[in-house]
Each structure stands twice: as C-alpha cells, then as structure tokens.
Amino acid sequence: MDFQRWIALISLLAASLGSSCKAECPCNCSVSLTNSHRSFDSLSFDWNLKPEAECFCNFTVVARRVDNGYIEEKPNILPGYYTFYYLHPFTYYIVKVAGETADGFSAYFKTEVIARTSERAPTAAPRDLKMHPSPRSALVTWDPPPVEDWNGIVTQYRIYSSSTGYATIYDNHCELTSLTPLTLYTVRVAAVTSGGTGYYTSYMTFYTTTPYEYPGGLEVESTTKTSLVISWNALDWYNQQYDLKVNKISEDGSMTLFDTVATTYTAFTVPGLSPFTYYSVTVAARCNGTGVVSPAVVARTNEDVPAVAPLNLRVLPSIRWAMVTWDPPSLQDQRGVITRYLINNDGTIFYTQNTYYNMSSLDPFTKYNVAVAAETSAGYGPLASDYYMTMEDKPSTFPSDLTETAVTSHSISVAWNPVSQDNGIITGYTIQVQQVFPSPGEPYSIVTDTSSTYAITGLQPNSTYRVRVAAHTSAGAGDYSPSVDVQTAEKEPLPPRLELVRRTSATQLEGAVGSLTAEESRGVISSYCVRVVEAGSLEDCLDPQAQGPIHSERCDRNQVFLVEGLAPSKRYCVSAAAVNGAGTGEYSPSFAVDLFSNQPCKMYLYGEDTEQACSQLTKKSVMAFAEEIAFMLETECTCSFETSYLADPELNCRENVDKTFVLVFTGRLVATEMTNATQLLQYFEDLLERKPVVLIGEAEYKASESRISSESYTTVIVFAILAVVSAILVFLILVLLLFLCKKSKFKGKGDISVASND
C-alpha cells in the first residue's frame with residue numbers, strides 16, 4: 001500500500017511540475033514555503049515573499065492529497081504562518097501558493113512543499129477475528145483493519161487474553177498456550193501504529209477443547225474377596241466427574257459389564273464382587289460426555305471358601321478299607337485355588353490333594369459317615385457327606401463259654417455265647433467234632449443255623465469227643481473257640497463173641513466169652529451173661545423163635561464158663577451178652593453144641609490151576625496149598641482138621657490140559673459161627689474162589705454152579721477187543737497191498753508207453 005501511495009505522489013508531482021512550467025507568475029515575485037509543524041490531522045507551513053519580490057497579488061494556499069488528488073484551498077492568505085486542519089492522517093499532501101492578478105489571471109508559484117501528516121492510531125479494529133482452540137492452547141487469527149483506517153503503518157497488534165492479559169504481537173496471528181482444557185477464555189485484538197493503539201475488536205469467548213488423555217496412575221490398591229479399592233491420578237485441568245467402568249472376566253476370557261460408577265473422587269471401592277474373580281477396570285474423565293478411557297487394569301478379588309461342597313461323592317467300601325472319590329466344585333464355585341481336601345470319616349480326619357482317598361483300618365460291617373470339604377487359602381467350604389457300610393468279614397472273636405448242656409449215649413447238647421465282634425450278620429455256626437477216645441477219629445464239621453445251642457447226634461456211646469465252635473458270616477467262619485471234651489453216656493454193649501465152646505462130657509460143655517473192644521463195650525463192662533437153650537436142630541440156633549426153653553443163664557465177671565447138668569445126646573444153643581452201666585446188651589448169635597459123639601467132618605475142595613504151567617504143578621506145591629487152606633479154615637471158622645490129603649496123588653500132566661485136583665480135609669467140626677451148611681459153602685466159595693463140597697456127618701452139601709468171576713469177564717472182553725482190532729488191522733493191510741499192486745501195474749504201462757513213443 002505504501003508503494004501505491006508513492007506512485008500516486010510521483011504522478012501528482014509530475015503533473016504539478018508540468019502545469020507550473022506552463023503557468024507564468026503574474027507577479028514578479030517569489031515565495032519561500034516550509035513545513036513547520038505537522039500532526040495526524042494538520043500541517044502547518046511558513047511562507048513568505050522573497051525580499052526581492054515585487055508583486056501585488058492575491059495569494060491562495062492550496063493543499064492537494066497525493067493519493068486521490070483532493071484539493072483544499074485557503075484563499076486570501078497573507079504571507080506568514082498557516083495551518084491546514086482536518087487532514088487525513090499519514091497522508092502526503094502537496095502544498096503550493098498561487099497568486100492572482102487584478103485582472104483575474106492566476107498561476108501557481110513554482111515553490112511547493114510535499115508534506116505528510118503524522119500517523120494516528122487506527123480507527124478501525126482488526127477484522128475476522130477467529131479462534132482455533134485445543135485442549136491446552138488456542139490459535140487466534142485475524143485480518144488487519146481496512147487500509148483507509150490504518151492511519152499509519154500497522155507495525156504490531158495488541159491482544160488481550162483472559163489467560164495472560166495484554167501482549168504485543170507482530171503478526172496477524174497468535175497462539176495462546178498453557179491453557180486449561182474445557183475452560184472459557186476471552187480474547188480481543190487491536191492494531192497498533194506509531195500513532196497509538198487503535199480500536200479493539202469485540203470480546204470473543206471460546207472454550208478449550210477436551211484433551212485426548214485419560215487419568216493416569218490407575219491401580220488397584222487393595223482387594224478383598226468381594227471388593228476392589230481403585231485409585232487414579234486427577235487430571236490437572238479437571239476436577240469434576242470421573243466414569244469408572246468395571247467388567248467381569250469370565251473363564252473363557254469374555255467380559256461382561258459389572259458396573260459403571262460416576263464419582264468426583266480419585267479413589268473408589270467397588271463392592272459386591274465375586275470372590276477369586278478377575279475384573280477389568282478403566283477410568284475416564286466425563287466432560288461433554290465420557291472422555292478418553294484409560295488402559296484397563298486387571299485385578300482379581302481375594303479367595304473365599306468354596307461356595308459349594310465337592311460334587312458326586314462316591315464311596316466304594318471293602319472289608320477294612322473304603323475308597324472315597326469326588327469331583328471338585330466348578331471353577332466358578334471354587335472361589336480360589338483348592339489346595340487340599342479334608343475328609344472326615346466319623347471323626348477321623350484325613351487330608352489329600354487328590355480327588356480320591358483310600359481310608360484304611362476300618363471296622364468290618366460298620367456304618368460310617370464320611371464328609372469331604374474343599375479348602376482354599378480362605379478356609380474350608382461346605383461338606384459333602386454320605387453314609388456307607390463296610391463289607392462283612394469273618395468274625396474276629398470266637399463264641400465264648402462253650403459248655404455241654406445234655407449228654408446221652410449217642411448225642412451231646414452244647415451251648416455257647418455269641419461272638420462279641422461279629423463283623424457282620426451271623427448266618428450260622430460251625431461245630432467241629434472229633435472223637436478222641438477210645439480211638440482217635442478224623443474231625444468233622446457241622447454247620448448249624450443262628451441258634452446258640454445244638455445237639456450233636458450219631459455219636460458212639462462211652463466215647464470222648466472234642467468239640468469246638470466257630471461263628472461265620474457271609475465272608476466265612478471265624479476262629480474256633482477253645483475246645484471242650486465231652487464223654488457220651490454208656491449204652492448196652494454189643495454182643496460178645498463166643499470162643500472155644502465145646503462138649504467136655506455127655507452132660508456138660510465149656511467155653512469162653514471173647515473180650516469186647518472199647519467201641520463194642522460202650523462203657524465199662526461189669527459182667528458177662530451166658531445163656532444155654534435147648535435146640536432141636538442146628539437151624540434152630542439160628543432162629544431164636546424156634547429155640548426151646550432156657551436151660552440156664554448166669555452173669556458174672558468171668559469170661560470162661562462151664563455149664564453142667566445138661567441132658568446127654570441133645571443139642572444146645574449157647575449165646576452170651578455183656579453188661580455195663582447202661583444195662584445188659586443183646587445176646588450174641590447162638591452157637592450150636594452137640595452132646596452127641598464127635599461126628600466126622602470132611603471137605604472136598606475141587607480146584608483148577610490155569611495160572612501155572614503144567615510142569616510147575618507138582619504134588620509138593622498142591623500139598624503146600626492144602627496146608628494153607630487148612631490153616632485158613634482153622635483160623636476163620638474155628639474148625640479143627642486133623643489131616644488133609646490129595647485124593648488123586650498122581651498128577652497127570654498132559655500138554656494143553658488144565659490140571660484138576662481134589663483136596664480132602666478130614667477132621668472134626670469143633671465150633672463155627674456158620675453152622676448152616678449153605679452159609680459155610682458160600683463163605684468158602686467167596687474166600688477161596690473154589691467149589692467146595694462139605695460133608696458133615698452123613699449130610700453132603702455142594703456149592704452152587706460155578707460163577708464166572710469179574711476177572712473172567714474182563715479176560716473175555718479183552719480177548720474180544722483184541723480179536724476185533726486184529727481183524728481191522730488185517731483188513732487195512734490187505735487194502736494197502738491191493739492199492740500198491742494196482743499202482744505198480746499202472747507205472748509199468750506208463751513205461752511201455754514211453755518206450756513206444758521213442
């Protein structure tokens with residue numbers, strides 16, 4: 001703009017010079033013109049005629065603006081001092097003096113002065129004032145006032161800010177710093193020239209913006225099992241309200257909003273949280289809405305006791321131990337780190353870090369209550385409990401006070417007290433019985449019901465038995481009680497055997513009663529009784545009903561007896577019985593005694609010897625066999641044979657012919673238990689496997705048809721099997737030979753065929 005002014009001023013000077021060159025002073029005078037004073041709206045000049053000038057003119061002082069050619073004239077001015085008022089500040093003026101003659105011709109004098117008014121403060125405020133705020137600063141911009149209102153050269157601006165007061169700026173923008181966010185500020189601006197400060201703009205207000213920052217120092221100061229104490233640093237530009245956001249972090253990492261808290265404090269306690277749970281916490285300043293959210297801080301509440309008891313409590317019992325298992329509470333309900341489990345088994349405490357425990361040293365068949373609780377650092381949670389029963393075991397004690405309650409000759413009644421530690425349900429008792437007198441026997445067991453008494457039957461009289469009892473459950477029998485020895489009562493003894501009963505004269509006989517064994521005695525034998533009955537025949541002695549009246553009967557301790565006063569030439573049946581404390585036993589089978597003269601007794605024994613070769617069968621060997629048979633007869637049948645001989649002393653030994661011989665035994669039949677001839681024959685047939693013929697007196701008794709022994713049957717069967725096997729083998733051999741024969745024929749034909757082809 002100053003450049004344009006100088007252009008205009010130069011143009012004006014050129015025009016004035018040109019006009020002055022054309023004009024001619026009407027008066028022969030000259031003027032001196034100087035600027036003596038100036039202000040922003042006035043110019044003062046001193047002008048005078050030069051001393052040599054001689055002119056009589058009317059003078060006019062003219063001031064013309066250089067920039068726009070505006071002319072201000074002051075006519076009829078006398079030489080001297082003159083001031084132009086109401087000029088425009090900081091404007092160039094060309095000042096001249098013009099003279100006018102009487103005839104009205106005027107012209108400018110050549111002398112002129114260019115002068116400029118002083119600067120003045122701008123008479124207009126800067127334009128288009130604008131604010132560009134940020135949280136902590138603001139850029140202020142404006143445009144200069146209109147040029148015509150500068151009134152000089154604008155060298156600077158004065159800015160007023162409510163934050164810093166007045167300041168001088170040398171440009172048309174200014175940045176206000178160190179402001180407080182969200183704060184109302186006032187600003188105005190004025191242009192400054194050397195003439196002073198011009199008009200200020202109207203006050204402009206603005207708010208600094210919300211800063212892009214969050215409260216710092218967010219931390220969790222302390223925790224409890226249900227709360228978090230959270231603190232943060234206050235923003236230096238803000239002291240109003242903060243938004244605290246708390247999110248709950250689930251097991252899978254997802255988050256759910258727990259709470260949003262508005263507070264004016266920089267610390268807050270968040271209550272009502274779940275124990276041992278992670279939470280995410282953020283904070284933001286609230287200003288025209290929620291500001292920048294701080295980074296999240298993750299914290300976990302303290303542990304608490306588990307909320308629920310262990311799950312799925314199970315017990316697997318055995319006899320003296322039980323395995324208890326369970327599942328831990330869900331992670332949500334654990335509310336901490338489970339460090340171990342407490343097991344309370346009816347007051348007995350166990351600890352384990354596993355989810356199972358084997359409880360030992362338990363009592364069998366006992367009901368227990370087991371309870372399990374999980375433990376964290378905060379303590380134990382609720383108990384999960386269940387009842388269980390250990391399995392049965394054998395009784396660990398034995399029945400006590402085993403005693404006899406009754407005794408007979410064949411039974412013993414015993415009683416006992418139940419076991420003190422049954423270890424289960426007593427299902428019965430086992431009684432072990434063993435005969436120890438008069439001869440030891442094998443022990444045997446009797447299983448009874450749950451009664452604590454029992455009568456043992458089937459025993460032998462006058463015998464000592466060792467008895468003990470054990471209780472048993474479904475698991476088995478326990479230990480036996482101490483044994484007791486009990487003796488059965490006496491019973492009538494068994495019939496004794498008569499020995500050496502024989503006729504000593506025509507009217508008397510003698511004999512002896514054999515001793516009884518302890519089993520046969522059935523007690524202590526106090527005496528023996530011998531009974532003599534008259535009989536009509538030998539068979540009558542076998543049938544007590546057919547026997548006649550009792551001739552005599554006596555009882556004493558003697559086992560050898562003599563019976564006198566018998567009728568000669570008669571037959572008597574003699575029998576004996578034993579007596580003990582229980583009474584008189586049964587009489588033995590009768591023994592027949594003939595008071596006739598001695599009758600011969602002859603036995604023929606026909607034998608076959610197929611096991612010995614013909615050359616080995618000699619008279620000596622047959623006689624040795626006869627002596628053996630005679631000894632057996634005397635031993636087994638109490639028969640007395642005086643001689644024995646071979647009926648056919650000449651042994652005919654022919655090849656492939658079996659030897660047949662006849663042994664004849666002659667003597668006297670003194671006494672035998674088998675007086676019946678048929679019974680005697682059967683006895684010898686079974687004993688000797690021979691076919692005997694017995695001749696007693698004049699009566700002859702023959703054995704039945706010869707029987708094939710089991711060995712014979714076996715032999716026949718073996719020979720039959722061997723015959724069948726031999727036939728099969730022969731058949732197979734024939735078939736094999738036939739097959740080989742045909743094969744050789746076929747092979748020969750093949751060879752011929754090959755030869756012909758050649």
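Strands in this text are DSSP runs of E that are at least two residues long, numbered from the N terminus. The model is predicted.

**Exercise 1. Place Glu72 in the fold, decide whether Glu72 is buried or exposed, and list its contacts away from its sequence neighbours.**

Solution.
Step 1. Find the element: Glu72 sits in strand β4, which covers residues 71–74.
Step 2. Apply the cut-off. Buried means under 20% relative accessible area. Glu72 has a relative accessibility of 16%, so Glu72 counts as buried.
Step 3. Look for contacts, setting aside residues within four places in sequence. Glu72 is then in contact with Val61, Val62, Ala63, Phe84, Tyr85 and Leu87.
Step 4. Take one of these, Leu87. Glu72 and Leu87 are 15 residues apart in sequence, and their C-alpha atoms are 9.3 Å apart.

**Exercise 2. Do the same for His37: which strand holds His37, and which residues does His37 touch?**

Solution.
Step 1. Strand β1, residues 31–38, contains His37.
Step 2. The relative accessible area of His37 is 44%. Buried ends at 20% and exposed begins over 50%, so His37 is partly exposed.
Step 3. Residues up to four places away in sequence are not counted. His37 touches Ser42, Leu43, Ser44 and Tyr81.
Step 4. For a distance across the sequence, take Thr83. The C-alpha atoms of His37 and Thr83 are 8.4 Å apart, with their positions 46 residues apart in sequence.

**Exercise 3. Describe the open sheet that contains β18 and β21, and say which strands stand at the edges.**

Solution.
Step 1. Write the order of the four strands: β19-β18-β21-β22, with antiparallel pairing.
Step 2. Find the edges. β19 (255–263) and β22 (297–300) each have a single partner strand, so one side of each has no neighbour in the sheet.
Step 3. From one strand to the next, the twist averages 25°.
Step 4. Examine one pair. β18 (residues 241–249) and β21 (residues 278–286) are antiparallel and share eight bridges. Among the bridged residues, Asn247 has Ser280 of β21 as its partner.

**Exercise 4. Describe the hairpin of β25 and β26, and say which residue takes a positive phi.**

Solution.
Step 1. Strand β25 (residues 340–345) runs antiparallel to strand β26 (residues 348–352), and five bridges join them.
Step 2. One of the bridges pairs Asn345 with Thr348 in β26.
Step 3. The hairpin has two residues between its strands, and Asp346 has a positive phi near 50°.

**Exercise 5. Work out the surroundings of Thr376: is Thr376 buried or exposed, and what does its side chain reach?**

Solution.
Step 1. Thr376 belongs to strand β28, residues 367–376.
Step 2. Its relative accessible area is 2%, so Thr376 is buried.
Step 3. The side chain of Thr376 reaches the backbone oxygen of Asp304 at 2.8 Å.
Step 4. Without residues up to four places away in sequence, Thr376 touches Glu303, Asp304, Val305 and Pro306, and also Gln334, Gly336, Val337, Ile338 and Thr339.

**Exercise 6. How many disulfides does the structure hold, and which parts of the chain are linked?**

Solution.
Step 1. The structure has one disulfide.
Step 2. Its partners are Cys529 and Cys555, whose sulfur atoms are 1.7 Å apart.
Step 3. The link is right-handed, with 110° about the S-S bond.
Step 4. The pair links distant parts of the chain: Cys529 is in strand β41 (residues 527–535) and Cys555 in strand β42 (residues 550–556), 26 residues apart.
Step 5. Compare the two ends. Cys529 counts as buried at 2% relative accessibility, whereas Cys555 is partly exposed at 45%.

**Exercise 7. Which stretches have a pLDDT below 50, and how many contacts does each have beyond near neighbours in sequence?**

Solution.
Step 1. Begin with the whole protein chain: the pLDDT averages 78, and 72% of the residues score at least 70.
Step 2. Residues 703–716 have a pLDDT below 50, and this stretch has ten contacts beyond near neighbours in sequence.
Step 3. Residues 745–758 also have a pLDDT below 50, but this stretch has zero such contacts.
Step 4. Where pLDDT is low, the predicted coordinates should not be read in detail.

Note on methods. Residues numbered from 1 in each chain as written. Predicted model: local features only at pLDDT ≥ 70, side-chain atom pairs only at ≥ 80, totals over all residues. Heavy atoms only, no water. Buried < 20%, exposed > 50% of the residue type's maximum accessible area, 1.4 Å probe, protein only. Polar contact = N/O pair within 3.5 Å; in protein donor to acceptor, adjacent residues only side chain to side chain. Contact = heavy atoms within 4.5 Å. Pairing = 2+ DSSP bridges. Axes fitted to C-alpha atoms, helices over the stretch in contact; angles between N-to-C directions. pLDDT = per-residue confidence, 0-100. Disulfide = S-S within 2.5 Å.
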